[in-house]
Every structure is written in structure tokens, then in C-alpha cells.
Amino acid sequence: MYITSGTSSLLRRASHPSSSRAGKRAFSSLSRKPASPSPSPSCNSNSYSVGHQHLRSLSFLSAARWSHGVDWKSPTSLASQIRIASAFAHTQLHRKIATMASENAFKGIFTGLPKPGGGEFGKFYSLPALNDPRIDKLPYSIRILLESAIRNCDGFQVTKADVEKIIDWEKTSPKLVEIPFKPARVLLQDFTGVPCVVDLACMRDAMNNLGSDSKKINPLVPVDLVIDHSVQVDVARSENAVQANMELEFQRNKERFAFLKWGSNAFQNMLVVPPGSGIVHQVNLEYLGRVVFNTEGVLYPDSVVGTDSHTTMIDGLGVAGWGVGGIEAEAAMLGQPMSMVLPGVVGFKLSGKLQDGVTATDLVLTVTEMLRKHGVVGKFVEFHGEGVGKISLADRATIANMSPEYGATMGFFPVDHVTLQYLKLTGRSDETVAMIEAYLRANNMFVDYSEPQQDRVYSSYLHLDLADVEPCISGPKRPHDRVPLKQMKSDWHSCLDNKVGFKGFAVPKEAQEKVVKFSFHGQPAELKHGSVVIAAITSCTNTSNPSVMLGAGLVAKKASELGLQVKPWVKTSLAPGSGVVTKYLLKSGLQKYLNQQGFNIVGYGCTTCIGNSGDLDESVGAAISENDIVAAAVLSGNRNFEGRVHPLTRANYLASPPLVVAYALAGTVDIDFEKEPIGVSKDGKDVYFRDIWPTSAEVAEVVQSSVLPDMFKSTYEAITKGNPMWNKLSVSTEKLYSWDPNSTYIHEPPYFKNMTMDPPGPHGVKDAYCLLNFGDSITTDHISPAGSINKDSPAAKFLMERGVDRKDFNSYGSRRGNDEIMARGTFANIRIVNKLLKGEVGPRTVHIPSGEKLYVFDAAMKYKSAGQNTIILAGAEYGSGSSRDWAAKGPMLLVSTLIFVYDFCLSIVSSYRY
């Protein structure tokens, strides 16, 4: 495998700088103290590092970062950290801006941005100064790639030819040319962030073992890590749910959290946001997003790659961002440019305005359906047209968030006046907003819908009149299977009739009206096909949007005043994406009505959207499983694949938060909201959907009066102080991590053990056995460990041998910091098809010498103990998907395996080559 070779070379060269060109090509994590307070934006290969700011846990910050960028060091002046400089180059490291900029091939367009009152905001590379008419027609999203290439052009990692490819995008993008891209920062969540920090920690050990300075191993670009994926809905419908769930979260994950807190002290240039603060993408939108960096006088657009597919949410703020694999994120952290295909851009024109009562969720589900049909995989989608100026920033973020669901790399909204208003609302200073506007206008990256719009060229075109959007939900098994609300009842009955598939459950006609009666804590209860057993207001997709969150509160209020009540056996929950949501729900007076309907706040994190739904009540679970009921979950999330939300909910529907409340009240998805009542009021009258649904004017009024800038400021000032449980975690202050050999969460990986300064070199493979023989479309979901740990699996055996009870297994995601667990979970997907098994499905293979059927890990270890080489055979599209880090690491850890495939997915190749 290739994943250790490049990094091993990095460590060797970091220990012993070489004057060779190969040495210069190797990326490095050297951190040097600048000789000047003015770092360069230069692309010069001899520029120096400014990555000297200490990585800190938020609990140790002394001041809030409301400048959104002035504390961060420029990722564009880190070129010398991307390769090891020669002895001659080392003498050139300490140059000032003017000297370094002079080395850039585009030094002639490096100019100042004047302030209206005198002086200047800083200096920047001016795209208009190129005087190239092709740039005026470029999509705004491509202009961000162009500016990055110009700013980072050193003639080596980024060349003038790369810049020309981007300028000539209209002709080059259809040819699938590759370009280098260096994002301004990296965003992590805790599931995917832990292995990144583990890798950095073991690299430090390797540096130390090689006799070099381990403190040279640090991220070179700003890295933000938000702990949000660990909280589960163990306790719901309780005023104490937040505290109770957080206590359980810390009990399960104390070891992981302590490790991340250690990292927050040990490394530089990283920020760790403690648990209980919010969902990573909402925190990114409301707080972390800079829009424009101003780093010691150098201005450039914000851009970000993240280890979560919904990093795209930040595209709604005009920040170019998308999800990548963990290994790619680590490479970006260490200064390595990303190699990417210059994408095509779909121009999506919006016109008109939404009808009364239609929500942003209805809009995004409509957009998702349209784009899935159009085909946008590997492309950018750029929204434009006068309709864009009529939707809020929060609505744009909702649309951008679901880019993975419609298949695009990005769903981008260029910055306009609406963006600037949102920045002010969320607490960015007037001076910062003025700087952002001035820079983007000067560099032709700002859209002013009050002015005539110049036509831009796109690869293909779509158009949606917002007035055509109607209330809808999506499901029951895929986010792009949109169902208009008025057709929901008939669609549900079709799903019951249809054969098993994305739109079918194959329930016999005679069983479709079956009613199961049971006792729920002494109360009579009943379930039937379509009964709602989970109703969750969850996910970054919607909880960042005040209009739909307050809309849910208004539905709850109207229902409570009419005397309606959600049935007690429906597991209801509310998990806001940040503390701001709680503040405006309380100020509006609507939280008390949500509480009355069982939507108490359960925590601040992803919860139900990623399957952290917690258990259903035993009586409900038994009623479902013993009677083969097709139970339903309705959630305001972004994914609803079968088995993801909860093992017992075979039907899962995505809906707006107000609709989540409405379906919880109805208790079933088998309802026609236009014709059938939701319930009966306290005075005995039928209550219909229209009686509890708020108008757009009602929602706008409560948003206007309840969502205030001070809420954002106070919330993010508070999280800088951490929380009591986080602050009580005691961690070492040493720069090298003290690995606990008994830990089942954090383990020192073997990548650099016994590494010497002399590379081992290539070696042949002889008389190899076939470990696995796959067909086409083996995705990262088949390869990478994910989900719960099966009780009979090698990973379960490993845990039980170390005294871990089955109830404490947690998930593969929570144990991504332990390579021994992850190796045992590689290729452990229960649906994987291995041709050696001749029709049998599951995570086993045939040990060819003995003929035994063994778990893949056990077979691999048996081959290894006998000193026998193995290979894996696979067909087309091997490695497609998003969990690419462990899809690369896992097979490598099993044995020294070669993988022969008909066609690698490009994304997995990039993970292997790092």
C-alpha cells in the first residue's frame, strides 16, 4: 500500500533536509518562527512558515475570535513547509512581503486594497488586473480556484500552466484536466477527526525516534475540530435530557475526548470545540467561516475541505467548501496541495419567490430531485438569478448542505448583500464585513442584484421558478425520492404494495390494515403500518434555519392551544445545531409548546440524523419486531437510508421541522393532510393540518423579533469557556502522547514503527493467494468499518477479550482512533459479496490452503502468520464513496496486500497515494 510511503519520506526528510529536487517536492510539517511580522502570500518556493500559533482548546481561549480570521496564520505563506528546503533555500526563508511577492509569476497584480477613510485593508492578487476577458465569464466558484492558483503559484507545486487551465475553464473543463488546489483551512468532526490527530501524534513519535524535533509536526493551515457526532438520544421527553445525555456521552467517550483535549494543547494551528457546543456545520456557518481571510495584511477568499460530506453547507455563505476523505484532509493539513479534476459547473437559475407556507426544506428536496435527475456528480452547482436574492442565507445554507444528496461537489451561492446582512446578524464586526465586501467587489467576486448581471458561461443550465415549489417530504428510503404532501397517502399505499426496493415493502394486502395493540407503561397503545415511532428535529440541514425552527414552534403552539397531544410512545426529540437556536426559541416563548409536545432539547449534536437515535421503548420495539410492522421515522435530516436512522424504522422520511411536529401529532404517515383530520380538539372538533400550519408572515414576524445578533455573540463567547465536564478532563501537557496499551479507543498505529532513515525499497510479490475476489461497485461502505459492531465479529471478540461488555461496544465510528479495531472491521459489511464464497453473502472468505471459511481478518492473519502474500481482486468503481481514509488504511493493515482492479474510483486512488 502507498499510504505510509509518502509520509515516511516526509519524516525522513524532515529529520535530514536534502538539497535534492525530490527533497523539495516532499511535503513537510516544519514550523519555523518568522523573522518578520509580515508573512508573504507568495508562491515562492522559499517562503517561510507562519504556523506558530498554538493549537488551543476553546476552554483555554482568553478572547472570542469575532474577527473571524485575524488570529489565524496564512496558509498561503506556508510553501516552504510543503517541501524541505535545500541549504541554500533555508538562507532565503526570512524575507518580507515585497521580496517574496517578487518571486511570484503574478507579482504584477499583487496590489493594495484601499480603505474608504484612508489607508488600506491589505494586499491581494487582483483578478481584474490580468485584463483577460475570459475571467469575466467564469463562474464565481471557478474564480475562487483561480485566485488560489495565482496566489500559490511557485512554478513547482502550482505552475503558470495550471493557472492558464483555470482561466481557460470553458475549454479545459470538458477535457477533465487536473489542477492543484490549496484550501485555506480544514474542518473536522470528532469521528473523522480522531484518526487525523492519532496520525499526527504517531508522526511525532516517529520524528522523536529518528532523533529529530517532534514539535516540527504540526498542521500548517488552520484546523477547526468540532465534537458533535457522539451524543445519542438516550433520554428524551425530559427537562433534564440535555444533562443526562451529555453525562452518558462523556461516560462512553471520555477517553476520546481526553485525547482530543491533549491534542488541543500539544499541536499548533488547531481549534477544538468541546462537546455540547453544536453541530460542526452550523458552528462553521455561524462562527468559524471567515468568507475572506485577512492574515497579517494579506487578503484572500476563505475555502475549506472537511472530513464530513456536508461541509458543503458553508457554500451558502459564499465560502468554497466540500467533503474529503481523512487522508486527503491530513495531506491538506500538512500543506500538500489537492489534485482535483477541474470541474464542470451547472448554472442553476432561481426566479420568482416561494408561495405562502412553503419552507426551505420543501425547496431543497425539490432542488435535490431536479439535480439528481440532471446528473451532477463531480461537478459544482452555482445558483444564480434574481430569485437567489429573495431567499435568506439560512435557506441557501439548507440547499448547499444537501450537495452530497444531489451528488455535487458543491452547491455554491456567491456572496451578495444577503450574505453581508447575515454576517452582521451573526456577530461579525462592521469593520470585518466592510473589508469582506471591499475585497470581493475589487476582485469581481461579489454579486449585486441591484445592478445588471453579466452573463456567465456554465457547463449546463437548469431553472426553477420558486413559485412552483410545493410542500413535500422525501422517502421512504432515499433523500431524492420526493413526495408532494398532497400525494403522500397514495404514495404510502403504493410503497406497501410494491416489491421490496427503494419504494416498496411488499406487505400483503390482507396485512396492510393490521393493528397491533400493546401496553405502553400501563397505557393502551397501538401501532400499524406507517405509525410514526420517531419524530426528530435534528441535523445541520434544518436546525441552522430560524424560519423552520420557529415554524415548528408555531405548529406546536397552535396544536397545544387546540388541545392536541403527541402520543407518548412516539420518541420525540429536538437537537439544535447551536445554542443560538435555544436562545431564540426561549425568547419567542415557543420552546414551552415544543416541550408540551415532547420535543424537549436532548443535546447539541447530530443525533438521529446519523443514527444516534437511542433505543425505542422496549414495548414499542417488541410490538414492531414481533408483528413485522413497517414503522416510520420522520426527521428533519438529510439522509434516510434504510437502517441508518434506527434498525426498527423501515420507512424514514425527511421533512421540515414544522412537518416533523405535524406528523408526530398525526401519529402516522398514512394520512392525507388536505382531507383527513390530524386529531380532535379539546372541544371535540376535528383539527386539520391547515388549522395548525403557520403563514409565512407569522413565521417572518417571530424571526424578526426573536433572532438577534447578541445571541450569536454570547453563545460563541460562552463556548470558548468549555463546559464543566470538558474542563474537568485532566490531560498531559507533554508534546508526545502517552499511549495506553490497554485502551480500546486510542491506539498507536504501526505506520512508522521501526522506521529508519533508509527506505526499504520495492519488493516483489510471489506465490500470492487471493484473499478476496470482488465484482464491480465495491464502495467504501463495503470496505471501511462503519455502524455497530456485530457481536460475533473479530472486533467484538477483540473487545470482549479485553473486558469490554457488549453494551459498551459503541460503534466503529467512535473507535476510529484504534487501528486494531478498525483492521478487524475492514471488509466486515454484512452485504459484501466475495466470489470466493460462491453465492454466500457476508464478511467472510475462503482460506485457500485449508479450505476454511473464515472472517476476512482471521484469514488475513492466518496468511500473514504463515509468511504468505495475498492479493485482492476487484472490478469497476472500487472505492467509490466518502469513507476513504479507512478504506485505504484498513486493507493495508490486514497484510501487505496488492489490489488489482479493473477501475479504481479516483477518490480512493488519491487516498492510497497519500
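**Two helices in contact, and a third helix against strands**

In this predicted model, H417, L420, L423 and K424 of helix α17 meet D430, V433, I436, E437 and R441 of helix α18, where contact means heavy atoms within 4.5 Å. The residues of this contact divide into four nonpolar, one polar and four charged. Helix α17 covers residues 417-425 and helix α18 residues 430-442, and they pack at an angle of about 160 degrees with their axes 9 Å apart; the axes are lines fitted to C-alpha atoms over the stretch in contact, and angles run from 0 to 180 degrees between N-to-C directions. α17 and α18 are therefore roughly antiparallel to each other, a term used for angles over 145 degrees.

Further along the chain, helix α24 (residues 618-627) has S619, V620, G621, A623 and I624 as its buried residues, buried being under 20% relative accessible area with a 1.4 Å probe, protein chains only. These buried residues pack against the strands β19 (515-520), β20 (523-528) and β21 (532-537), and just after α24, D628 takes a positive phi of about 55 degrees.

How far can the coordinates be read? The protein chain averages a pLDDT of 86, and 87% of the residues score at least 70, pLDDT being the predictor's confidence in each residue, from 0 to 100. Over residues 1-7, however, the pLDDT is below 50, and it stays under 50 over residues 906-914. Where pLDDT is low, the predicted coordinates should not be read in detail.

Residues are numbered from 1 along each chain as its sequence is written. Local features need pLDDT of at least 70 and side-chain atom pairs count only at pLDDT 80 or more, while totals for chains, interfaces and linings use all residues, and side-chain values use heavy atoms, leaving out hydrogens and water.

Terms used
Buried means under 20% relative accessible area, exposed over 50%, partly exposed in between (1.4 Å probe, protein chains only). Helices (H or I, at least four residues) and strands (E, at least two) are DSSP runs, numbered from the N terminus. Angles under 35 degrees count as roughly parallel, over 145 as roughly antiparallel, 65 to 115 as roughly perpendicular and the rest as oblique. Ala, Val, Leu, Ile, Met, Phe, Trp, Tyr, Cys and Pro count as nonpolar, Asp, Glu, Lys and Arg as charged, and the others, Gly among them, as polar.
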